[in-house]
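I opened the notebook to record what I looked up in this structure, one topic at a time. The entries follow below.

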Amino acid sequence: MEHLLELKNIQTEFKTDGKRVRAVDGVSMYLDEGEIIGIVGESGSGKSVTMMSMLQLISSPGRVTGGEVYLKGEQENVLNYGSDSEEIRRIRGGKISMIFQEPMTSLNPVLTIGYQIQENIMEHLNLSKEEARKQTIEMLKMVNIPDAEQRFHYYPQQFSGGMRQRIMIAMAMSSHPTILVADEATTALDVTTQSQLLEMIRDIAKKTGTAVIIVTHNLGIVARFAERIYVMYSGGVMEMAHAEDLFSHPEHPYTRALLRAIPRLDDPKERVLIPIEGLPPNPAERPEYCPFYDRCEYRMDKCKKEIKPDLKEIRKDHFAACLLTEEEKKQKKREIDEKEVKKAPLRKAYKENCLEVSNIKKYFPIYKGIMRKKVGEVKAIEDITFFLKKGETLGIVGESGCGKTTVARCLMRVYEPESGTILFKGREITHLKDRELKKIRPKIAMIFQDPFSSLDPRQTAESIVGESLKLNGAVKTKEEYHTKVDELFRLVGLDPSLKGRVPHEFSGGQRQRIGIARALSSNPDIIICDEPISALDVSIQAQIINLLEELQAKLGISYLFIAHDLAVVKHISDRILVMYLGRIMEIAECDELYNNTLHPYTKALLSAVPVADPVVEAGRKRVPIRGEVPSLTKRPIGCPFQDRCEHAKEKCREAVPPLRDTGGGHFVACFLYE
């Protein structure tokens, strides 16, 4: 049978420091008509470079050095076409369309979105300007852009992130491609928006007969949407199988390790994540033998003696690049299962509250005109009330713009709330002046989302971690300073001999460990973790989550854990607080919230999170969520969720439901539970 698309032995190299580095090392894959396939793997595994190589989008100092690409309808190897040739331009955006990760950098900010889509249609479908305009409006309607006729004239910056990605999908589909490549297309988006967009891509693809390639590091996404999956590592394909077979019977040790490292929504709370130790090999120093050897729990002497294995068929339509026989893998698995599994650290239960927040509000003024006249206010958070016990983790979840980070900044006293009270260890800190806050601030530390941009690139790791020790007078002598810095490095699992390096010399996971060491240096009672793992790979996420849990058990620290990944939040939190449009929707103990979800918004959030198991996914009930989060300047009257809620009644449109206790410390702000 002829495939719609076939890649054979693709090899791509980049020239760095005078050396040729092979980023893609002999990748072969295929795609059939109307099929959805997934390509997964850690950062640097070669997923995106393979797709760019296929479309001849690799620019100097990189080049495709070998391989073949065959596309149905083309007479020859697509890689024979010049990268600027008319033939390849006809294929790019015409037969094969691509949606990139960041829509704002993919859309031209000085051209209207209508013009950009219209131009693409005129280029590939040879339609007149008027016909192209009509089709553009149809495409915008197809991806659910409201008021498409008016918004034709809007610029990209006038849309939210989710809307911009919808526009990218409309542009990609406007030329009626036979293949759509979604390259991490929903990574930067909220879980609900991500779910909506991927379901939309699937529906449009099935309706139009378009084949789809989903490139992602999220195993849950491919479990929900892909029919076949390729697992990539260090520039090569490690395993390929149908989705159900891959998740139920993974054959390659790397795939098995990935599945053990990720938290799942249906996991028991006490499950310990098992990270993949070490880092992928540097492409410039990739060994001749299996690239996963150094991190593999199944490794045997023969794996190092023989050259890198090719994909071989284990059973029908299931391929893996592993030298071990089925019997050898079973024996190794028995040995691994017999090893003592690291248990979740035991934590001491404290009764006292270290933080009490009552009815805090934070508004930001809106100014207009040359005279900067105040014309209104953005009500970022309203009536936020909760407590945090010593040694407890409170997870805070919600879509972007719901006020999670604003709450964190009010607690850090970066912002001063308009009203309400914040009690830290019994002392009110809501309106303290800077001089009075000097003693309080070291006790509430923060770990940031991006470990690179939150570290000074010119400072050494030692000075980043040790700066707080000097500022707060925690050390008296140089010897004491060096001893304490070394102790902090060891505490977060870093070798003190690395302390003379600067941030760019560390991996992403190591940089986040430096951020954690910096937070610990002031001996805090509370650490606010603001999306601390969302920028990290699956295996590194597991390491950081385990580290945070160990530190909490050892030091009795309280965490406020802000994230949009509900599987991670479930794993690490004792209680969970759900926010929407600046208000609290629901608070409950972790298991209670997941097993007895009350608020319609929380139900929709949980439904949107994919589980890394196609069988579980097929049996889950979907709770649809309409539309997008409204602007805070146009907040709905009454319940903030009423315009997206299928249960909304007249009362919901008139009054804001109070947060009420339904029993056992489970609070919900919904009139359904009056």
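Before placing anything in a loop, I noted how elements are named: helices (at least four residues) and strands (at least two) are DSSP runs, numbered from the N terminus. I also noted that this is a predicted model.

**Entry 1: a cis bond.** I looked up Pro61 and found it in the loop between α1 and β4 (62-71). The peptide bond that joins Ser60 and Pro61 is cis, with omega at about 15 degrees. I wrote beside this that most peptide bonds are trans.

**Entry 2: positive phi.** Most residues other than glycine have a negative phi. I went through two exceptions. Gln56 has a phi near 55 degrees, and I found Gln56 in the loop between α1 and β4. Is Gln56 buried or exposed? Buried means under 20% relative accessible area, and Gln56 has 14%, so I put it down as buried. The other case is Asn9, whose phi is about 50 degrees. Asn9 sits in strand β1 (residues 5-16). Its relative accessibility is 39%, so I entered Asn9 as partly exposed.

**Entry 3: the sheet of eight strands.** I traced an open sheet whose strands come in the order β5-β6-β7-β3-β8-β9-β11-β10, with mixed pairing. Why is one side of β5 and of β10 left without a neighbour in the sheet? β5 (96-99) and β10 (312-315) stand at the edges, and each has a single partner strand, so nothing in the sheet pairs on the other side. Ignoring direction, neighbouring strands here are turned by 20 degrees against each other on average.

I then picked one pair inside the sheet. Strand β3 (residues 36-40) runs parallel to strand β8 (residues 228-233), and four bridges join them. Within this pair I found Ile39 opposite Tyr230 of β8. As a reminder to myself, strands of a sheet pair through backbone hydrogen bonds.

Helix α1 (residues 47-54) lies across β3, β5, β6 (179-183), β7 (211-216) and β8. I noted an angle of about 140 degrees between α1 and β7.

**Entry 4: the sheet of four strands.** This open sheet has the order β13-β12-β15-β16, and its pairing is antiparallel. Which strands are at the edges? They are β13 (373-389) and β16 (427-428), each pairing on one side only. Strand β12 (residues 353-368) and strand β15 (residues 419-424) are joined by five bridges in the antiparallel sense. I looked up one bridge there and found Leu355 partnered with Phe424 in β15. Helix α14 (residues 404-411) packs on this sheet and touches β12, β13 and β15. The direction of α14 makes about 75 degrees with that of β13.

**Entry 5: Ile444.** I found Ile444 in strand β17 (residues 444-447). With a relative accessible area of 6%, Ile444 is buried. Beyond neighbours within four places in sequence, Ile444 is in contact with several residues, including Leu411, Phe424 and Ile526. I also checked Ile444 against Lys207: they are 237 residues apart in sequence, and their C-alpha atoms are 52 Å apart in space.

**Entry 6: cavities.** How many cavities of 30 Å³ or more are there? I wrote down six. The largest cavity has a volume of about 100 Å³. Its lining is made up of 14 residues, and nearest its centre lie Pro253, Cys290, Cys296, Cys303 and Cys322. Sorted by class, the lining of the largest cavity has twelve nonpolar residues, one polar and one charged.

Note on methods
Residues are numbered from 1 along each chain as its sequence is written. This is a predicted model: local features need pLDDT of at least 70, side-chain atom pairs count only at pLDDT 80 or more; totals for chains, interfaces and linings use all residues. Side-chain values use heavy atoms; hydrogens and water are left out. Two strands pair if DSSP finds at least two bridges between them. Axes are lines fitted to C-alpha atoms, for helices over the stretch in contact, and angles run from 0 to 180 degrees between N-to-C directions. Contact means heavy atoms within 4.5 Å. On a 1 Å grid over the protein atoms alone, a cavity is a set of points where a 1.4 Å probe fits but cannot get out, and a pocket is an open set with protein on both sides within 12 Å along at least five of seven lines; lining residues have an atom within 4 Å of a point. Grid points are joined across faces, edges and corners, and a volume is the space filled by probe spheres set on the points. Ala, Val, Leu, Ile, Met, Phe, Trp, Tyr, Cys and Pro count as nonpolar, Asp, Glu, Lys and Arg as charged, and the others, Gly among them, as polar. Buried means under 20% relative accessible area, exposed over 50%, partly exposed in between (1.4 Å probe, protein chains only).
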